[in-house]
Amino acid sequence: MKKFYLCSALLFMLAGCQESEMPEDKEVNSAVPESLEASIVIKGKLNPGKEVILETTVKQGSQLVNEADEVLFEVRKSGQDKREMLEAKNTGSGMYQVMHTFDEQGKYIVVAHVTAKDLHVMPEKEVVIPEHESEGASVHPSSDVSIEFQSNPVKAGNSSSFEAAVELDGKPLTNADVNFEVWKEGSEESHFTKAKEDGNGTYQNKVSLDESGTYKVQVHVEKDDVHEHQLETIQVN
């Protein structure tokens with residue numbers, strides 16, 4: 001009888017321990033992170049040999065993610081195994097961008113590999129590059145935004161005038177918010193210069209670059225529903 005009572009007591013104690021640990025386990029495992037979302041946008045004219053911007057916007061729930069661990073764009077031509085892996089950089093507002101040139105006409109598959117907050121997503125987009133447009137063909141559809149960028153010859157250590165003439169539907173776009181984003185090729189850092197409107201849809205300001213080399217200039221144009229970018233390459237001597 002003593003052995004029977006002793007065994008019963010031990011079983012009762014073990015059962016009590018298990019019951020006390022269960023709520024703690026349930027509490028630890030109850031927090032499920034919100035899913036990660038990413039969408040791909042191609043900015044620029046899709047023509048062979050023309051540089052465009054590959055862009056993805058990353059969100060977790062309603063929050064924009066500006067500190068992703070890694071964002072890579074995979075580009076391959078449809079039906080081929082050869083692929084390129086391009087590292088994108090954060091440009092703010094949850095956006096990650098990289099420049100790319102599609103060399104030939106045809107169909108391409110673009111995949112954004114996004115790793116953030118211990119999650120991974122891979123949105124995919126098919127891109128069709130048409131043949132070269134013949135002379136006289138319409139370059140801009142009637143509802144397009146046109147950005148014409150100009151700059152004086154740029155010398156290291158000196159300021160140079162940057163100018164962007166912006167049109168919407170063939171007419172000057174006035175009272176827009178225009179900024180010049182500039183970074184040296186290969187650098188992760190960029191700086192913004194706000195452009196001032198000089199009348200009739202023309203925006204300009206002076207920019208000073210300290211070092212010689214190849215630079216990227218991205219013109220940002222925003223007004224109401226308009227949010228356009230145009231990428232340029234300049235040489236600083």
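This report describes strands, salt bridges and nonpolar cores in a predicted model.

**Strand S7 and its partners**

Strand S7 covers residues 95–101. Five of its seven residues are buried, so that the strand is mostly covered. One partner of S7 is strand S2 (residues 51–60); the two pair in the antiparallel sense over seven bridges. In this pairing, Val52 stands opposite His100 of S7. Another partner is strand S6 (residues 89–92), which pairs with S7 in the antiparallel sense over three bridges. Here Gly92 faces Met95 of S7 as its opposite residue. S6 and S7 form a hairpin with two residues between the strands, and in this hairpin Ser93 takes a positive phi near 55°.

Gln97 is one of the residues of S7. Its relative accessibility is 6%, and because buried means under 20%, Gln97 counts as buried. The side chain of Gln97 makes a polar contact with the side chain of Gln218, at 3.0 Å. With its neighbours within four places in sequence left aside, Gln97 is in contact with eight residues named here in order: Ile53, Leu54, Glu55, Ala88, Lys89, Thr91, Gln218 and His229.

**The open sheet of four strands**

An open sheet is built from four strands in the order S15-S14-S18-S19, and their pairing is antiparallel. Strand S15 (191–194) and strand S19 (226–236) are the edge strands; each has a single partner strand, so one side of each is left without a neighbour in the sheet. On average, neighbouring strands of this sheet are turned by 25° against each other, direction ignored. Strand S18 (residues 213–223) pairs with S19 in the antiparallel sense over 11 bridges. Within that pairing, Val221 stands opposite Glu228 in S19.

**Salt bridges**

A search of the whole structure finds seven salt bridges. The table presents three pairs, among them two that join strands distant in sequence.

| Salt bridge | N to O distance | Relative accessibility, residue one | Relative accessibility, residue two |
|---|---|---|---|
| Glu51 and Lys216 | 3.3 Å | Glu51, 30% | Lys216, 5% |
| Glu74 and Arg83 | 2.5 Å | Glu74, 9% | Arg83, 42% |
| Lys89 and Glu181 | 3.6 Å | Lys89, 11% | Glu181, 1% |

The side chains of Glu51 and Lys216 meet in a salt bridge. Glu51 belongs to strand S2 and Lys216 to strand S18, so the pair ties together parts that are 165 residues apart in sequence. Glu51 is partly exposed, whereas Lys216 is buried.

In the pair of Glu74 and Arg83, Glu74 is buried and Arg83 counts as partly exposed.

The salt bridge between Lys89 and Glu181 also links distant parts of the chain, with Lys89 in strand S6 and Glu181 in strand S14 (residues 177–184), 92 residues apart. Lys89 counts as buried, and Glu181 is buried as well. Lys89 also appears among the contacts of Gln97.

**Nonpolar cores**

The largest nonpolar core has 25 residues, of which Leu54, Phe73, Phe102 and Val114 touch the most other members. Strand S1 (36–43), S2, S4, S7, strand S8 (106–116) and strand S10 (124–129) each supply at least two residues of this core. S8 provides the largest share, five residues.

Phe102 touches residues from several stretches of the chain once those up to four places away in sequence are not counted, including Asn47, Pro48, Val52, Leu54, Val75, Tyr108, Val110, Val127 and Ile129. A second, separate core of 23 residues includes Phe162, Val178, Val207 and Val236.

Val75 is found in strand S4 (residues 70–77). At 4% relative accessibility, this residue counts as buried. Beyond its neighbours within four places in sequence, Val75 is in contact with Leu54, Lys82, Arg83, Glu84, Leu86, His100, Phe102, Tyr108, Ile109 and Val110. Val75 and Glu126 are 51 residues apart along the chain, and their C-alpha atoms are separated by 9.9 Å.

Terms used. Residues numbered from 1 in each chain as written. Predicted model: local features only at pLDDT ≥ 70, side-chain atom pairs only at ≥ 80, totals over all residues. Heavy atoms only, no water. Buried < 20%, exposed > 50% of the residue type's maximum accessible area, 1.4 Å probe, protein only. Polar contact = N/O pair within 3.5 Å; in protein donor to acceptor, adjacent residues only side chain to side chain. Contact = heavy atoms within 4.5 Å. Pairing = 2+ DSSP bridges. Axes fitted to C-alpha atoms, helices over the stretch in contact; angles between N-to-C directions. Salt bridge = Lys/Arg side-chain N within 4 Å of Asp/Glu carboxyl O. Core = buried A, V, L, I, M, F, W, Y, C linked by side-chain atoms within 4.5 Å.
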